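I'm opening my notebook on this one and jotting down what I look up as I go. My plan is to start with confidence, then move on to the chains, the helices and a couple of single residues.

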Protein chains: 2
Amino acid sequence: MTLAVPLAAATETADVLVDLAVVLAAAKLGDEIFKRIGQPGLVGEILAGVIVGPSVFGLVEPGEVLEVFAELGVVFLLFWVGLETRLSEMREVGRVAGQVGVAGVLVPFAAGIGLGFAIGEPIETAILLGAALAATSAGITAATFASLGVVREAPARTVLGAAVIDDILALILVAVATGLAAEGGFDALALVFTMALAIGFVAFVALGGTELVKRRPQLLHAPRFSESPLLPAVILCLALAAIAGQIGLAAIIGAFLAGLIVAETKEQHPIEDEVAPLYAFFPPFFFAFIGIELDLGALVEGGTLLLLAAVTAVAVASKLIACRPAAAPLGRRQAWTVAVGMVPRGEVGIVVASIGITIGVLDDELFAAIVGMAVATTLAAPPVLRRLTGPS
Amino acid sequence: MTLAVPLAAATETADVLVDLAVVLAAAKLGDEIFKRIGQPGLVGEILAGVIVGPSVFGLVEPGEVLEVFAELGVVFLLFWVGLETRLSEMREVGRVAGQVGVAGVLVPFAAGIGLGFAIGEPIETAILLGAALAATSAGITAATFASLGVVREAPARTVLGAAVIDDILALILVAVATGLAAEGGFDALALVFTMALAIGFVAFVALGGTELVKRRPQLLHAPRFSESPLLPAVILCLALAAIAGQIGLAAIIGAFLAGLIVAETKEQHPIEDEVAPLYAFFPPFFFAFIGIELDLGALVEGGTLLLLAAVTAVAVASKLIACRPAAAPLGRRQAWTVAVGMVPRGEVGIVVASIGITIGVLDDELFAAIVGMAVATTLAAPPVLRRLTGPS
């Protein structure tokens with residue numbers, strides 16, 4: 001007789017509720033303090049995560065449930081940003097975004113490999129370091145632009161477009177890096193197939209989906225299960241995020257595309273008002289989780305601080321050197337905004353580092369340095385972006 | 001050197017996103033179909049869970065993340081119901097609710113013990129069966145009343161008040177049942193302490209919290225981190241739910257009390273509009289999860305179906321016999337509404353059964369029968385409630 005797995009003891013779920021309450025309360029307290037001292041709130045949320053996490057008080061540990069809440073945080077963040085964006089506006093910046101995306105992956109990737117060789121690492125480790133430096137966290141930059149109210153301006157759209165291209169290129173790099181470390185070497189045919197699937201998904205959803213909803217805006221309004229298009233839109237968001245994740249893209253690419261699609265029905269429904277509470281509830285978990293994953297103790301020991309400084313310097317310089325010229329057509333100030341917007345590595349750098357430690361090509365010190373770099377670039381960019389987009 | 005636990009491989013979170021998308025889409029499809037055939041939507045959501053769960057297609061398994069989403073589902077459900085309720089209205093039905101709560105626990109508890117002995121089980125098993133039959137799932141009844149728009153009427157308030165009393169009594173019963181099964185026997189002093197803590201928490205939060213917010217309604221409005229009182233209210237909800245869970249009460253009691261408190265500021269803020277999207281997003285996971293936990297395969301085998309019929313008959317009859325007279329002061333029709341509203345065992349019955357199998361006093365057949373009874377009573381009550389509260 002087969003039985004469904006019984007509920008975990010009731011107390012486990014009760015403990016998870018405590019974690020969720022602590023993380024949300026701490027994140028909003030950090031947000032509050034940083035807003036009051038005139039700094040970006042998300043920096044306060046990340047630092048709140050550092051404080052409640054293993055680095056300082058150890059009230060919460062990074063675990064599966066918190067990770068899912070963090071993931072939904074960035075999913076609803078990019079869904080919201082997609083809702084604020086029009087495909088036609090994305091097309092206007094398409095060419096510059098393409099340049100920024102390609103340059104912003106290749107230069108940091110090469111610089112990371114160079115750094116890896118310089119510190120005496122083998123080729124697989126150097127390639128993984130390159131992949132970690134090539135990653136861009138669109139979530140951090142998008143949240144900063146959204147809080148500054150400039151998400152529809154050219155720099156924000158350029159960074160978002162570049163992030164989509166980035167993510168497809170990063171998919172290749174990670175596949176190559178993990179393939180090189182695997183026993184059987186890497187499978188070129190499988191890689192080509194994966195790429196075709198990823199590009200096909202983005203193109204089909206972005207073009208076909210927006211066109212469909214533009215012609216039949218009542219689609220989201222048809223079901224009787226809610227008086228509003230909220231749940232159909234949320235289901236679309238989760239489904240596209242899940243599909244993107246399954247084909248090897250970041251889930252947030254799917255969520256962003258879902259937002260673009262739903263945005264086409266905006267004249268008919270005040271959908272933003274209804275998504276706003278989900279956008280308020282989930283993203284704090286994303287920002288706090290970045291801080292929770294950092295272990296300051298691992299960084300201060302040994303030579304890791306020096307390694308962190310080197311990795312961070314290469315990470316910042318390579319993105320700026322690559323993206324500033326690539327964004328030049330937008331004009332000097334906006335080009336700098338784009339380049340700085342590409343600097344945060346956020347959760348993407350941490351994910352790549354985690355893959356590295358799982359497949360055994362990263363040691364503990366380099367892992368800690370990459371996570372530290374991801375957090376440092378994430379904390380540094382928002383204040384600079386705020387200054388660059390402010391009154392000149 | 002200690003390192004933070006690294007992120008699980010990216011694909012695990014990607015798989016959880018698939019689960020969430022499948023469960024939410026299936027639940028809303030079930031809701032849609034049932035609404036179209038004129039039946040309560042939540043019944044469709046539970047059956048959708050049966051279909052995607054291990055019983056039929058096995059697309060999703062009950063796991064930690066889904067369980068937390070289910071828990072947040074019932075937490076936001078009771079928070080919403082609390083928001084719709086005033087403490088002063090609860091007081092009006094206080095005496096009847098007390099009678100219904102006490103009778104609705106004691107009679108089914110005794111009937112469960114009797115049934116246990118009748119089928120030849122030892123005393124610990126009989127007591128646990130009694131505890132499972134005594135439990136009431138306020139979530140199911142509250143959701144049904146909410147969807148019928150009668151949550152502020154006397155029967156709904158009576159069932160909610162009775163559920164709070166029920167839960168405190170159930171805490172004693174489960175403590176006694178698990179204490180009897182434990183090695184050292186049970187600790188009367190610890191039990192008294194637990195009870196005092198539980199009653200003190202409910203009284204202090206319900207009376208002190210509502211009074212505080214009534215006098216200083218701007219408290220929820222003060223933080224700068226959101227333009228609205230949504231997040232302060234949600235943090236209060238999660239915190240009180242977490243505390244209730246930690247002291248041995250159901251988390252939903254804390255969430256309901258948080259709703260009662262926030263309701264005192266309602267004139268100032270349209271807080272319901274902002275909680276509504278969270279109330280739309282999470283509860284479908286709660287209903288679907290009840291179906292996912294059921295394993296029909298375990299029920300059709302052997303003599304379990306007969307056992308299920310016996311347990312269900314005793315479960316329904318004992319609640320009706322106890323609660324119908326206890327609610328008599330409300331008048332015939334409303335007394336029946338209250339009695340039927342106390343019938344669903346929902347997630348509470350499943351939790352008790354899970355504790356039973358964990359501590360080893362339930363075998364697989366009785367576990368399957370109790371879970372089946374919980375689902376059967378949960379599915380049967382909403383259509384009857386709908387008829388009882390409809391035009392006479």
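Here are my entries, in the order I made them.

**Entry 1: how far to trust it**

I remind myself that this is a predicted model. I looked up the confidence of chain A and found a mean pLDDT of 86, with 92% of its residues at 70 or more. Residues 1–10 of chain A are a weak spot, since the pLDDT there is below 50. In the model that stretch still has 30 contacts beyond near neighbours in sequence. Note to self: where pLDDT is low, the predicted coordinates should not be read in detail. For the complex, the predictor gives an ipTM of 0.87 and a pTM of 0.88.

**Entry 2: where the chains touch**

How many residues of chain A are in contact with chain B? I got 68 residues of chain A, facing 67 residues of chain B. Next I asked which elements supply the side of chain A that touches chain B. Helices giving two or more residues to that side include H1 (10–36), H3 (64–83), H10 (230–246) and H18 (364–389) of chain A. H1(A) provides the largest share, 15 residues. Sorting that side of chain A by class, I have 44 nonpolar, 9 polar and 15 charged residues.

**Entry 3: H9 and H11 in chain A**

I turned to helix H9 (residues 188–215) and helix H11 (residues 251–263) of chain A, whose axes come within 8 Å and cross at roughly 20 degrees. Because of that angle, H9(A) counts as roughly parallel to H11(A). Their crossing is right-handed. On the H9(A) side the contact includes A:Val202, A:Val205 and A:Gly209, and on the H11(A) side it includes A:Ile253 and A:Leu257. I noted 8 nonpolar residues, 2 polar and no charged in this contact.

**Entry 4: H2 and H13 in chain A**

Then I looked at helix H2 (residues 41–52) and helix H13 (residues 283–293) of chain A. Their axes come within 6 Å and cross at roughly 50 degrees, so H2(A) and H13(A) are oblique to each other. This crossing is right-handed. Among the residues that meet here are A:Leu42, A:Glu45 and A:Ile46 from H2(A), with A:Pro284, A:Phe287 and A:Phe289 from H13(A). The contact splits into 12 nonpolar, 2 polar and 1 charged.

**Entry 5: a pair in chain B**

In chain B, I checked helix H15 (residues 304–326) against helix H16 (residues 332–341): they pack at an angle of about 140 degrees, with their axes 8 Å apart. H15(B) passes H16(B) in a right-handed crossing. B:Lys319, B:Leu320, B:Cys323 and B:Arg324 of H15(B) meet B:Ala335, B:Trp336, B:Val338 and B:Ala339 of H16(B). The classes here are 6 nonpolar, no polar and 2 charged.

**Entry 6: two glutamates**

Is A:Glu124 buried or exposed? It is buried, because 20 other C-beta atoms lie within 10 Å, and 20 or more is what the label asks for. A:Glu124 is found in helix H6 (residues 123–134) of chain A. From A:Ile113, A:Glu124 is 11 residues away in sequence and 9.2 Å away in space, C-alpha to C-alpha.

A:Glu84 is in the loop between H3 and helix H4 (87–92) of chain A. With 19 other C-beta atoms within 10 Å, A:Glu84 is partly exposed. Setting aside neighbours within four places in sequence, A:Glu84 is in contact with A:Val151 and A:Arg152. I also wrote down that A:Glu84 and A:Ala263 are 179 residues apart in sequence but 6.9 Å apart in space, C-alpha to C-alpha.

Definitions and conventions:
Residues numbered from 1 in each chain as written. Chains lettered and ligands numbered in written order. Predicted model: local features only at pLDDT ≥ 70, side-chain atom pairs only at ≥ 80, totals over all residues. Axes fitted to C-alpha atoms, helices over the stretch in contact; angles between N-to-C directions. Helix = DSSP H or I, 4+ residues; strand = E, 2+ residues; numbered from the N terminus. Parallel < 35°, antiparallel > 145°, perpendicular 65-115°, else oblique. Left-handed = near helix turned anticlockwise from the far one by under 90°. Contact = placed C-beta atoms within 7 Å. Nonpolar A, V, L, I, M, F, W, Y, C, P; charged D, E, K, R; others polar. Buried ≥ 20, exposed ≤ 12 C-beta atoms within 10 Å, placed from the backbone. pLDDT = per-residue confidence, 0-100.
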